[in-house]
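Open your viewer and keep the selection panel to hand. This tour tells you what to select next and what you will find there.

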Amino acid sequence: MPVFWIDVINQVLIFAVLAMSLNLLLGYAGQVSVAHAAFAAIGGYAASYLAIKNGVSVPLGFLIGMAGAGLVGLLISLPALLLAEEYVILLTLSVQTIVLVVITSIGALGGLYGLTGLPVVTIFGKELLRPEDWLWPLVIVNLIVFGILSWVGESPFGRILRGIRDDQLATQSLGKDVWVKKVIVFGLTSAVAGLGGALLAYYNGVSSPGLYEFSQSILIVTMVVVGGRGNLLGSVLGAAVVIGAGPFFQKVIDLSPETSSLWRLIAFGVLLIGVLALRPEGLLPEQASLPALLRRLRRRPPVAGTPPLVPAGGATAAQPPPADAPAIVNVEDVRKSFGGIHAVDGLSFELKQGHVTGLIGPNGAGKTTVFNLLTGALTPDDGKVELRDQDITGWPIDRVARSGMVRSFQDVRIFPNLTVLDNVRMAVPGQRGENLRDLFLMPWAVVGGQRKAIAAGREKLEYVGLAEKEGVLAGSLPFGEQKLLALARILAAEADVLLLDEPASGIDAEWVDRMVAIIRNLSREGMTVCIVEHNLHVVERLADHIYFMDGGKIVAAGPMEALVKEEHLVEAYFGQP
Amino acid sequence: MTHQLLATILGIDSVRQVVQAIVSGVVTGAGYGLIGAALALILGVTGRFHFAIGSTYMVTAYLAAVAADIWGLPLIPALLVGLAIGTVFGLLIEALVYHPLASRAGEGALLPVFVGSLGIVIITENVVRLIWGNDTRNLGGFPQHTYNIGNVTFTLLDVTLVVVAIVVLGGLSLILARTILGEQIRAVRGNPLMAQAVGVNVRRIFYVVFALGSIVAGIAALFAGMKFAVEPAMGNEPVFYAFVVAFVAGTRRSPIFVGLVGIGIGLLESISTIWVSENVSALTVFGLLFVALAVRSGPAGLKQLSGALSSVNRQVGRVQRTGGS
């Protein structure tokens, strides 16, 4: 093969390292960074400077460069945690500019010309001088980076990242700590960018600002978006398309030398917009990733027959719950105001073990606010929330969930871009491999843990009758099945207090029956359930005890038969008796 | 004597230097204010991450220069031709790129629109190079007059820019605050669904906003072109300042306020050149953006941060526990 094309392939391989690492940040975790070239610059300059000025060996220089880039990435992530998507773009934009200005204005780093005179890299005594010498080492680096990033991306850690991308609040509500994950993914991907930057410097024999300027960051973002977000192989393809476009137009299409570079850039811009318009998910979409395809091949055959309408264990359904069951959740005089409006105004109630408690009342009575206050999405202005005699007032959302109280959402909030099984198994608590320590120090434990989580997930899917759909994308399910999936997901979180926000609203009668049967069954198995529901027939069929809320207060309590006799309640709810 | 001492401590050579920095800061800042207000309006109302506002900027100034240079128009008609073409160009971006990309992407439209706008920047710059070449062009013909007051110099063009910026941003503020059209724009900015429900044509408002924004950004470009020169990459730097101004000011503020923030940033940048070299002064501006973004999240953000820190502590604790066992 001519040297020209080997050189192109080498450049593609170097940028593939940068694009794959950005993909973990952008495609998996949903954090758009336009500072990836700046992190590469930190790695590249550190590795070059240490080798030239301090005589540090090349591998050590690479490692220090990666560590430096990773550290800066960790620091940048802290303000980024708190910002909305568009502000993260701007924040990284300012980081990109600041890093480049600082590097250019430090005299010791060679200003605009950069650092030259880098030592020659030797591998096993072989000097890497010509492009063909670099080819195989770069292929191996790519395989390693692909392997590590795939391992992270397809692990429980990676699933939490995708949860953050699809719905951060829902991820927290399943008991997952999202903040540390975001910090770590920024640091990890910046370190890998530092590796890419060091490779870029050594391959070019110079570390100069031009290698790492803003437009390079943009090219890397483009590689990820064109190649396919959430698909690492797509990023390699994206790098090939973006880097290879120039040489392709130069060699294959005969253009005059003066205008060829212009045509090439125009064609590139058109390609970019064309891919976005015709294939917004990228050339290799997330569902076509190598691990996803492997999983599909290995998938077990679906269970024959229709799922039972009443789940397993229905035999115990006839027994009523004991009236003297202990109260698991105690709410004491809780208040919450927004501006001058008292959304919840001195609320006290309890949820008993094994009971289904209904919370009903007209629109705006404050029912969903109660759920927000119980789960830590809101902090009460006053009052106390106790879970099993422990004061949990003001705890963060994920901690409440890990303590055994989880909620569902009125608007389901499933993760639309994850499969049904991934939605459920992500929720399984305390999985090995939710942190990098497990992933890198105890990989075998992670493999075993994954198997367990899959088994647990399948069990919950069978429970709600969705076992056959485990490989389907959650976003493509009909609404009724999405509600069942949301229920399976909170069951997988292994909580014993379930707060269900409108579990039966907006779904067909057939699904309502199945939902009622499942909830009834869960309470008979000893779960503490609280439902907010507009459909009074559902409440009547399910609830052992009902609180009627109006204007942020509980105005009546008792079984349904008693409440319907109180005329003023019926009037408040229905307008007319 | 004491003045001298103070000046030495502050690293200032003379009062003249400071006043000159203030004057040029206000002039540059007026330009930042114009393009910043244009971007803030577009971002706030349409939500499009309009990175290609730099292309609108360049097209306006470049085509004005082409109209004067090649088509032989006098200055004022040439400027108007540039503005008209720039406005049409801005509308075409929305119609042909942003709208189709955003409606395909649904909720996650930010990234496709952002990357699409980068594609527009690349295409526009190189199409201009292909047709008219790489050279810079002059947009001459504005009366050359330099004022020199106590050794502080500025030009008639500088004064005109500041006056025009005040008039344009004041006028835009009045349109937004006082007219029915402005009311509709604010309604869409507040809640597009609600605005649609009460009968506002949201698509039309998007186009109106792109037209207004393109004109205001184009005016800044024309002055930059007359002051310096025009060239195909001239929009790349101002767009950064536009984002800084828009986000420091906030995308829901009145244009005149955004303009003042632009002047503040121009001042900050120009005064900082007293102490640091010119290319490092960009650092001040982006440092400010960084701080503004970091502070933006407010108390709610701090609560999340403390939550993050406490969970870091928990993890560290867990590591220590398992490490000890």
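The stops below go from whole chains to single helices and residues.

**Before you start**

This is a predicted model, in which local features need pLDDT of at least 70, side-chain atom pairs count only at pLDDT 80 or more, and totals for chains, interfaces and linings use all residues. Residues are numbered from 1 along each chain as its sequence is written, while chains are lettered from A and ligands numbered from 1 in the order in which they are written.

**Stop 1: chain A**

Select chain A and colour by secondary structure: there are 22 helices and 14 strands. Helices (H or I, at least four residues) and strands (E, at least two) are DSSP runs, numbered from the N terminus. The C-alpha trace of chain A spans about 90 × 55 × 45 Å along its principal axes. Of its 577 residues, 51% are buried. A residue is buried if 20 or more other C-beta atoms, placed from the backbone, lie within 10 Å of its own; with 12 or fewer it is exposed, and in between it is partly exposed. Among contacts in chain A between residues at least 6 apart in sequence, 74% join residues at least 24 apart. Two residues are in contact if their C-beta atoms, placed from the backbone, lie within 7 Å.

**Stop 2: helices 1 and 9 of chain A**

Now select residues 3-28 (helix 1) and 214-227 (helix 9) of chain A, whose axes are 9 Å apart and pack at an angle of about 70 degrees. Axes here are lines fitted to C-alpha atoms, for helices over the stretch in contact, and angles run from 0 to 180 degrees between N-to-C directions. Helix 1 and helix 9 of chain A are therefore roughly perpendicular; angles of 65 to 115 degrees earn that label, those under 35 count as roughly parallel, those over 145 as roughly antiparallel, and the rest as oblique. The crossing of these two helices of chain A is right-handed. That term applies if the near helix is turned clockwise from the far one by less than a right angle, and left-handed if anticlockwise.

Show side chains on helix 1 of chain A, including A:Phe15, A:Leu18 and A:Leu22, and on helix 9 of chain A, including A:Ile220, A:Val221 and A:Met223, where the two helices meet. The residues of this contact between helix 1 and helix 9 of chain A divide into 9 nonpolar, 3 polar and no charged. Ala, Val, Leu, Ile, Met, Phe, Trp, Tyr, Cys and Pro count as nonpolar, Asp, Glu, Lys and Arg as charged, and the others, Gly among them, as polar.

**Stop 3: A:Leu487**

Is A:Leu487 buried or exposed? Centre on this residue in helix 18 (residues 479-492) of chain A: A:Leu487 has 24 C-beta neighbours inside 10 Å, so it counts as buried. Leaving out residues up to four places away in sequence, A:Leu487 touches A:Ser408, A:Val464, A:Pro503 and A:Ile518. Add A:Arg407 too: its C-alpha atom is separated by 9.1 Å from that of A:Leu487, although the two are 80 residues apart along the chain.

**Stop 4: where the chains touch**

Show both chains. Their contact takes 39 residues from chain A and 44 residues from chain B. On the chain A side, helix 4 gives the most, with 13 residues. By class, that side of chain A has 28 nonpolar, 7 polar and 4 charged residues.

**Stop 5: chain B and its helix 3**

Hide chain A. Chain B has 13 helices and 2 strands, and 45% of its 325 residues count as buried.

Select helix 3 (residues 53-69) and helix 5 (residues 110-132) of chain B; their axes come within 9 Å and cross at roughly 15 degrees. That makes helix 3 of chain B roughly parallel to helix 5 of chain B, and the crossing is left-handed. Among the residues that meet are B:Val59 and B:Tyr62 in helix 3 of chain B, and B:Thr124 and B:Val128 in helix 5 of chain B.

Swap helix 5 for helix 10 (residues 236-249) of chain B: helix 3 of chain B packs against it at an angle of about 130 degrees, with the axes 8 Å apart. Helix 3 and helix 10 of chain B are therefore oblique to each other. B:Ile53, B:Gly54 and B:Tyr57 in helix 3 of chain B meet B:Asn236, B:Pro238, B:Val239 and B:Ala242 in helix 10 of chain B.

**Stop 6: B:Ile35 and the core**

Finish on B:Ile35, which touches residues including B:Ile53, B:Tyr57, B:Pro238 and B:Ala242, not counting those up to four places away in sequence. B:Ile35 is also among the residues with the most contacts inside the largest nonpolar core, which has 283 residues. Such a core is a set of buried Ala, Val, Leu, Ile, Met, Phe, Trp, Tyr and Cys residues joined through C-beta atoms within 7 Å.
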